[in-house]
Amino acid sequence: MKFFISLVLTALLSFGFCLFLPWWSIAIAAFIVAVLMPQKPGRSFLTGFISLFLLWGGLSFWISNNNEHNLAGKISMLILKMDNPYILILVTALIAALVAGFAALAGSYLRKSRA
């Protein structure tokens, strides 16, 4: 149950932070949730990783789908050298997931070292 609550809390806090702060505030949100919700380091990493992978992947797909993948297709040509917006969405979700996962891992280790 703690896993699910911290998953939802990380996603909601990250979404709220990104409305007013830079994109890397997802790390702050994952860190805060990992410090406040006691879990093992591996589970904290998974919580941050899964929650932001789903959040940013879903938001990226939704935004890209609303403009018929025009911008994502052009950016994927620039970055990936192939016209595949879905791979760009996957890469975007993976970057956010890794940032949040490692921030949650750091928060879990901080909590563990203080105890």
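**Exercise 1. Val91 and the nonpolar patch**

Task: Classify Val91 from its relative accessibility of 31%, and then work out which elements give two or more residues to the nonpolar patch on the surface.

Solution. Val91, at 31% relative accessibility, counts as partly exposed, since buried means under 20% relative accessible area, exposed means over 50%, and partly exposed is what lies in between, with a 1.4 Å probe and protein chains only. This is a predicted model, in which local features need pLDDT of at least 70 and side-chain atom pairs count only at pLDDT 80 or more, while totals for chains, interfaces and linings use all residues. Residues are numbered from 1 along each chain as its sequence is written, and side-chain values use heavy atoms, with hydrogens and water left out.

The next step is to place the residue: Val91 sits in helix α5, where helices are DSSP runs of H or I with at least four residues, strands are runs of E with at least two, and both are numbered from the N terminus. Val91 is also one member of a nonpolar surface patch, whose other members are Trp23, Trp24, Ile28, Ile32, Leu36, Met82, Ile87 and Ile95, and whose accessible area together is about 810 Å². Such patches take residues with over 30% relative accessible area and no salt bridge, joining nonpolar side chains (Val, Leu, Ile, Met, Phe, Trp, Tyr) within 5 Å and like charges within 9 Å; a salt bridge is a side-chain nitrogen of Lys or Arg within 4 Å of a carboxyl oxygen of Asp or Glu. The areas come from the Shrake-Rupley method with a 1.4 Å probe, and for residues only the protein chains shown count as cover. The elements with two or more residues in the patch are α2 (25-36) and α5.

**Exercise 2. The faces of helix α4**

Task: Find which residues of helix α4 are buried, and explain why they line one face of the helix.

Solution. Helix α4 spans residues 70-79, and its buried residues are Ala72, Gly73 and Ser76. Viewed down the axis of α4, these buried residues fall within an arc of 100°, so they line one face of the helix; the arc is that of the directions from the helix axis to the C-beta atoms. On the face turned away from the buried side, α4 carries the exposed residues Leu71, Lys74 and Leu78. The cover over the buried residues includes α3 (41-66) and α5 (85-114), where contact means heavy atoms within 4.5 Å.

**Exercise 3. The loops on either side of α4**

Task: For the loop between α3 and α4, decide whether Glu68 is buried or exposed, and do the like for His69; then describe the surroundings of Leu80.

Solution. Glu68 lies in the loop between α3 and α4, and His69 lies in the loop between α3 and α4 as well. Although Glu68 is not a glycine, its phi is positive, at about 55°, and His69, likewise not a glycine, has a positive phi of about 60°. Glu68 is exposed, with a relative accessible area of 64%, whereas His69 counts as buried at 14% relative accessibility.

Just after α4, Lys81 takes a positive phi of about 60°. Leu80, in the loop between α4 and α5, counts as partly exposed at 25% relative accessibility. Leaving out residues up to four places away in sequence, Leu80 touches Ile75, Ile87 and Leu88. Measuring from C-alpha to C-alpha, Leu80 and Val91 are 9.9 Å apart in space, with their positions 11 residues apart in sequence.

**Exercise 4. Aromatic pairs**

Task: State how many aromatic pairs a search of the whole structure finds, and determine how the rings of Phe45 and Phe102 are arranged.

Solution. The search of the whole structure finds five aromatic pairs. Rings of Phe, Tyr and Trp (its six-membered ring) pair if their centres lie within 6.5 Å, and planes under 30 degrees apart count as stacked, over 60 as edge-to-face and the rest as tilted. The ring centres of Phe45 and Phe102 are 5.3 Å apart and the planes stand at 55°, so this pair is tilted. Phe45 belongs to helix α3 and Phe102 to helix α5, so the pair ties together parts that are 57 residues apart in sequence. Phe45 itself is partly exposed, with a relative accessible area of 21%, and ring pairs link Phe45, Phe49, Phe53 and Phe102 into a cluster.

**Exercise 5. The chain as a whole**

Task: Describe how many helices and strands the chain has, and which percentage of its residues counts as buried.

Solution. The chain has five helices and zero strands. Of its 115 residues, 37% count as buried. Among the contacts with a separation of 6 or more, 73% come from residues 24 or more positions apart.
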